[in-house]
Every structure is written in C-alpha cells, then in structure tokens.
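User: I'd like a close look at one spot in this model, and then a walk outwards from it into whatever surrounds it. Take your time and keep the pieces connected.

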Amino acid sequence: MVLNPVISKLAGKLVVLASASPRRLEILSNAGLRFEVVPSWFKETLDKGLFKAPHEYAVETAKQKALEVARRMPFKHLKTPDIVIGADTIVTVDGMILEKPVDKEDAYRMLSSLSGKEHSVFTGVAIVVCHEKENEEVDYQLFDFYEETKVKFADLSDNMLWEYINSGEPMDKAGGYGIQALGGMLVEYVHGDFLNVVGFPLNHFCKQLDLIYNRCTSSADQESVSVRLSHNGSHATTIVTQPPPGLPAQSSHSPSSKNSSSANPVHKVKRKSSESEVDESSWMLVNSLSKHTDAREAEFIYNTTLPLTASRGQVIELNVTEHGDTELKKEDLQRIIDLMDGFKSSKALFTASKMCVFDLLQSRPGLDAAQVAQEIKASVKGTACLLEACVSLGLLKSKQRACQKPVYENTDLSSRFLLSDAPSSLRGYIQHCNDTVWPLFSHLESAVREGANQHEKAFGKTSKDMFQDTFYNSQEAKLRFMNAMHSIAKVTGRAVATAFDLSSFKTACDLGGCTGAMAYEFTKAHPGLSVTVFDLPAVVEMSEHFRPLHTDNRVSFVAGDFFKDELPKADLYILARILHDWPDEKVCILLSKIANACTAGCGLLLSEIFLDEDRRGPSRGLLQALSMSEGKQSSATEYSLLLKTHGFITAHVRHTDNLLDAMLCIKA
Ligand SMILES: Cc1cn([C@@H]2O[C@H](COP(=O)(O)OP(=O)(O)OP(=O)(O)O)[C@@H](O)[C@H]2O)c(=O)[nH]c1=O
C-alpha cells in the first residue's frame, strides 16, 4: 500500500487521544500530530473468556475507551471532538492475556511466564470520527484495527527478574515490561512493528487514516491494502451499540429477547443538559442517556467502516517543484491512465471469458497462442494480443523457454473466479456485464442527458420489453440472466449469510432468491434454519438447472410474484440485491407486504451495496447507478430510514468487504 500524507489531513481538527499512556502521547506527538489528551474512564473489565481471539478483546477495549471519551466530551468538556483515538495493548502467551500487573508478585508471575519464550503483543486501536449535526446530535463512525508483534525473551534468572521488577518499570505496562527502556535488556528479538509493542502501531494507524481520509485508489493499492490489513486484523465491523461481552444488555429497547445482540438500538445521542449525570462505564453511559432520550430521538449510528476497495481518486494533486513548476505525480498520472483504460481491461476480460480461454487453459495449461487460437476458433494474431493483455492484467501467466513461443496458463485469480465450474465462478455475471451492462454503458451520455435507462437504444426494446424478453420469451436469455444472479449470489452468499447471528430465526424466505444459491449459503451457515426461495414461476421452474448435487432439504422453492401474491410465512425475510432495482412505489408495495407478513420480532435482512453516508463511494455502487435502472442506490442510513417507515428497526449494519453489505432489521 502506498502511504499518502495523513497527519496533515488532521490539521485544524480537534483530535483527542483517549489514553493516559505517556508512550502513546509521545509516539503521536513525535509523528507531528496535534491533539488533546482526555484519558478514558472505561474500566478494562471485559470478560476475556467471551472473546474468540485475544486481539478481539484488545480491539473491543480500545473501542470502549474511545467511545466513552467521544460520548463524554460534549457533556463534560462542552465540545465535540472531530476524532477520538483509543488503544489497548495486551501481551499473550500460552493462551493467557497479560495486562498491567496489579503488584510485584503479579509482575513476577507475568515475566517468568515470558522468560525464554516468544510471545505476541497486540494493540487494538479504535478511531471514532464524530459528526456534530445542526440539532446538536452527534453521529459516530468507528474504525478499528489491531497489530500483532512477536517478541522473544531471553532465559531470565530470578535475580534478573526481581532486579527488573524492583526498578518499578513493569507496573504500568502490559505484560509487566517496557521494551523501550530497561525491559529492552530482556528481549532477544522483535518481529513486527516495535512501536506496536511500546503501545501504538503508528504505521498501521497512518494506513488506516489514509483509508479514511485519502481513500487509496490504484488497484495495486487496493489489493495490498486488503491483504495487509485483513492479515493484521483491520476493519472489524462490530456494531458499536452492542454491549461488549461482559456488559449487560439493555432490555427496554430489545425488539426480540431471543436475539440479545440486537437489543440496544441507541446510537445517535442528543445532547441535553439533564444528561450530564452519567455513569463512568461507557455502556452505562448509553443506558443512562437513553433513559433521558425520547424514544423517537433515539436512533442509530452505523458502523460505517469504509470499504477497503475505495473509489478511484477524483483529485489530482500537483507537486510544485523547486522551480515553482507544477508536475504531475507519477501515481496520479497512472490513476488517470487506469481510468481511461478501464473499459479496455473490462472488455478484454469479458472477451477472454466468453471465448472460454480460461476454461481451455485450465484443462490444457501450457498452450501457445496458435494452439489457443485453433481451439477458440480465432485468428492467431488476435488471440496472441488477447493472451498478452490478459497476462498484463494478472489473469494469465506466460512462460517462455529460449527460442520458443510463450505458453500460457491461468493465474490463481482466474482459476478462482473465471472458470465455468469454479465454486466462486463469476463467469455468469461477467457474461451479463458483457451482454447487458456494456451496451447500456455505451449509451451513457444519452442516459445522463435523459436521466433514463437506454434499453431501447441498446437493445431496440424498452426496459419492460427487455424484462419480458429476459423472463418469458427466450429460454436462453432467461438462463443467462439467472446464471449471472447465481454467480453473484454464490460469491457473496457466504459473507451475507454469516454477517449476523441468526440463531434465533428458524424459517427464512429469500424473496427473489432466483436459483437458491443464497438460500443454500444460509442453510449451510445456520444449521437450524430452513429457507423458502420465493420467485416468479418461470424462475422457479428453471432453478432446477442450478440445484446442487446434494440438495439440502432445508431449501424449498415457492413460485409467485412478490408484488402481487401472498408471501410465504417466515421469521426472517431476505431481500438481497432486490430493492436497488425498483422504483420507490414498487419498493413501498414490497416492504408493506413484508411488514404485513411479519409479527413483532421477525427479521428483515437487507443486502445491497451501501453507499457511504457522504455518497463518495464505493464506486461500485455509484457506477451501478449509472446504468439507470428504475431504482436507486442508497446508503445504510437511507435504507434504515426507509425500513423504519415500514416498522422495522435496524439492529445491525455490516460492511462485509465482499460485493454486498448487509443490514439486519427487526419488526418492532
Ligand atoms: C509491552 C509494553 C507495554 N507498554 C505500555 O503498556 C500499557 C498498556 O496498557 P493499556 O491498558 O493499553 O494502556 P494504559 O497505559 O492503561 O493507558 P490507557 O490508554 O489510558 O488505558 C501502555 O501504556 C503501553 O504504552 C510499554 O510502555 N512498553 C511495552 O513494551
């Protein structure tokens, strides 16, 4: 990941470090950050046994520290910070989490457990971005990540340990040592970020700020960001309003006692003078605020973590050279070139996929251009160009022995996503992009001028005719469309199905669930759940072609029209990639029907691309809107407000880092 300037982006903002650690203060001041220190009152008492991995505990503690300060400041300090940074450092060895020792004996116990061994130091970091609104409400956006560093201690004698403990250094430090001072003597090696051990992973923090404020753009960046950050635990998207493990759930807002994780929907906090008497614990703080807050004012904030694949940049920065000239930065030039050439890359991918190049090279790797040309019935010259272009795009690998022609094989990427029969095959969707989306986009200028879709220009038929054609006239067109939906559902299904704890639901109905690909992912992920796929009769009939070999009898199909017919009864309704396609009136009809079919406590799981709240990304959603379907793209808040008008309260929002995001709502 290319790191862009970040500290300067915070100039003029009220940045608050929610930590009493002198080391964090020093690390951040040395980096040139200007900030205030407001130590958190959050007590580090979360039940460690409730976390699956130690870093989750550190991240959750960091979040609670930062949120406590973010919520307290408007009342106690009478000012709202722009961003609050919280952190928590822990040491783990032999499955134990070591925090600061409570006394010398405790320090001895910790240090002797580290002697002669390698251990991990995790620092969880939370960045809370506060948005104060005109009505004095404050919205919080939460970003969090963690960093792990491995440290190996030498074998330490008891004398050495006690001499070190008696220096007094261990007492305010996780694991009972300070690597930056006397404790450095104990250490044989460090693998990873040294500052992370000291208490703050500065480099990862800057990368996170870069994502938040600069939104890195080149495809190379996107890849390395997702790899690096997911490797080291960035972007946990836990909902901030959930009580952390170990803290009590609030029952008064609980829409369903079965689902305790959705029990605390209080998020936007409205300032009132009467609310200044608050408990020190952040969760209790939320509770006490909610007591004073009118239920209608009590809304949600969303954990709108920015997706890793940020939009490609719109701003070109010009460097001023020593001579005062302006010079285009290399990466900016590359950015523009990538944008200009983007359509060529897409079309090369579509064409190679349509001509079955990837399937061919999977069954017969090592063919040269002439051999591929013969198999796909194309010219040698054209095929050679296509194969070389695919190599440059990372879709194929070429090998060449001296004096021989290059031969080609698939890369891992193409084997994973581009083969017809790969479990995560996107081939069906790629074909849809080529055959349907591409012609629409070639009339984009007209679409922009007219504000309407271009089906008629692109296909000689109006949108409605096209729909009819797709579904009722041509079997082949129908299959192609279903194949596209099937491939997307297979790739996104698991992420959507596992986004929430759905154990309290026994029956679900996937509305417009097409081939059932998503439904199967739900039954796979939730052993107690049965799913009914509800779709048009023609779709249900054709869905036979897509049934997995070993069908799961917890998935069944019912034919009907969700705008007209009665919906099958279920505890949970799933709407995946449905709403964005329909105009407001139709959306309203559908949501009313679902609301009528639901009793209190029933769920609605909505899955779409959620636009960022400021509508600056992700590009995927904004570009999709350009095809001008009758519907529109919306943010999580917009969807949430829409659902609220139909009686659904948003319990969780999750940005999955897959192609679709998800929102779980509960019928009040
Ligand atoms: C391993 C190690 C840790 N530390 C310090 O250990 C404290 C951890 O405790 P915390 O709970 O994360 O933070 P805190 O000090 O209680 O502050 P706060 O953020 O207010 O909770 C932090 O200080 C760190 O620097 C060092 O200074 N050097 C080291 O080598």
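Is cysteine 514 buried or exposed, and what is its relative accessible area?

Analyst: Before anything else, keep in mind that this is a predicted model. Cysteine 514 is buried, as its relative accessible area is 10%, and the cut-off for that label is under 20%. You'll find cysteine 514 in the loop between β14 and α19. Its backbone deserves a glance too: phi is near 50 degrees, which is a positive value in a residue other than glycine.

Cysteine 514 has a counterpart elsewhere in the chain. Cysteine 356 also isn't a glycine, yet has a positive phi of about 60 degrees. That residue sits in the loop between α9 (330-354) and α10 (357-363). Its label is another one, though: cysteine 356 counts as partly exposed because its relative accessibility is 33%.

Back to the loop we started in, and on to the helix at its end. Helix α19 covers residues 517-525, and 7 of its 9 residues are buried, so the helix is largely enclosed by the rest of the structure. Those buried residues are Ala517, Met518, Ala519, Tyr520, Glu521, Phe522 and Thr523. So what covers them? The cover includes one helix, α18, along with the strands β14 (507-511), β15 (530-535), β16, β17 and β18. That list makes a handy map for the rest of the walk.

Take α18 to begin with. Helix α18 (residues 475-497) packs against helix α14 (residues 427-441) with an axis separation of 7 Å and an angle of about 130 degrees. Oblique is the word for α14 relative to α18, because of that angle. The handedness of their crossing is left-handed. On the α14 side, the contact is made by Gly428, Tyr429, Gln431, His432 and Asp435. They meet Arg480, Phe481, Asn483, Ala484, Ser487 and Ile488 on the α18 side. Sorted by class, this contact of α14 with α18 has 5 polar, 4 nonpolar and 2 charged residues.

Now for the strands, and the rings in the loops that follow them. The structure holds 9 aromatic pairs. One of them is edge-to-face: phenylalanine 563 with tryptophan 582, at 4.8 Å centre to centre and 80 degrees between the planes. Phenylalanine 563 belongs to the loop between β16 (555-559) and β17 (572-576), while tryptophan 582 is in the loop between β17 and α21 (584-597). The two partners are 19 residues apart, so to speak from distant parts of the chain. Phenylalanine 563 counts as buried because its relative accessibility is 16%, whereas tryptophan 582, at 21%, is partly exposed.

A second pair turns up after β18. The rings of phenylalanine 610 and tyrosine 639 have planes at 50 degrees and centres 5.6 Å apart, so this pair is tilted. Here phenylalanine 610 lies in the loop between β18 (603-608) and α22 (619-625), and tyrosine 639 is part of helix α23 (residues 636-645), 29 residues apart. Phenylalanine 610 is buried, with a relative accessible area of 0%, and tyrosine 639 is buried as well, with 3%.

The loop between β18 and α22 also holds proline 618. Glycine 617 and proline 618 are joined by a cis peptide bond, with omega at about -10 degrees. As for the rings after β16, there is one more to add: Phe562 is linked with Phe563 and Trp582 into a cluster through ring pairs.

One stop further afield. Glutamate 60, in helix α2 (residues 54-76), counts as buried because its relative accessibility is 8%. Between glutamate 60 and alanine 87 the C-alpha to C-alpha distance is 9.5 Å, with their positions 27 residues apart in sequence.

Finally, the wide view. The protein has 23 helices and 20 strands, and 53% of its 668 residues count as buried, cysteine 514 being one of the buried ones. Looking at contacts between residues at least 6 apart in sequence, 68% join residues at least 24 apart.

Note on methods:
Residues numbered from 1 in each chain as written. Predicted model: local features only at pLDDT ≥ 70, side-chain atom pairs only at ≥ 80, totals over all residues. Heavy atoms only, no water. Axes fitted to C-alpha atoms, helices over the stretch in contact; angles between N-to-C directions. Helix = DSSP H or I, 4+ residues; strand = E, 2+ residues; numbered from the N terminus. Parallel < 35°, antiparallel > 145°, perpendicular 65-115°, else oblique. Left-handed = near helix turned anticlockwise from the far one by under 90°. Contact = heavy atoms within 4.5 Å. Nonpolar A, V, L, I, M, F, W, Y, C, P; charged D, E, K, R; others polar. Phe/Tyr/Trp six-rings, centres within 6.5 Å; stacked < 30°, edge-to-face > 60°. Buried < 20%, exposed > 50% of the residue type's maximum accessible area, 1.4 Å probe, protein only.
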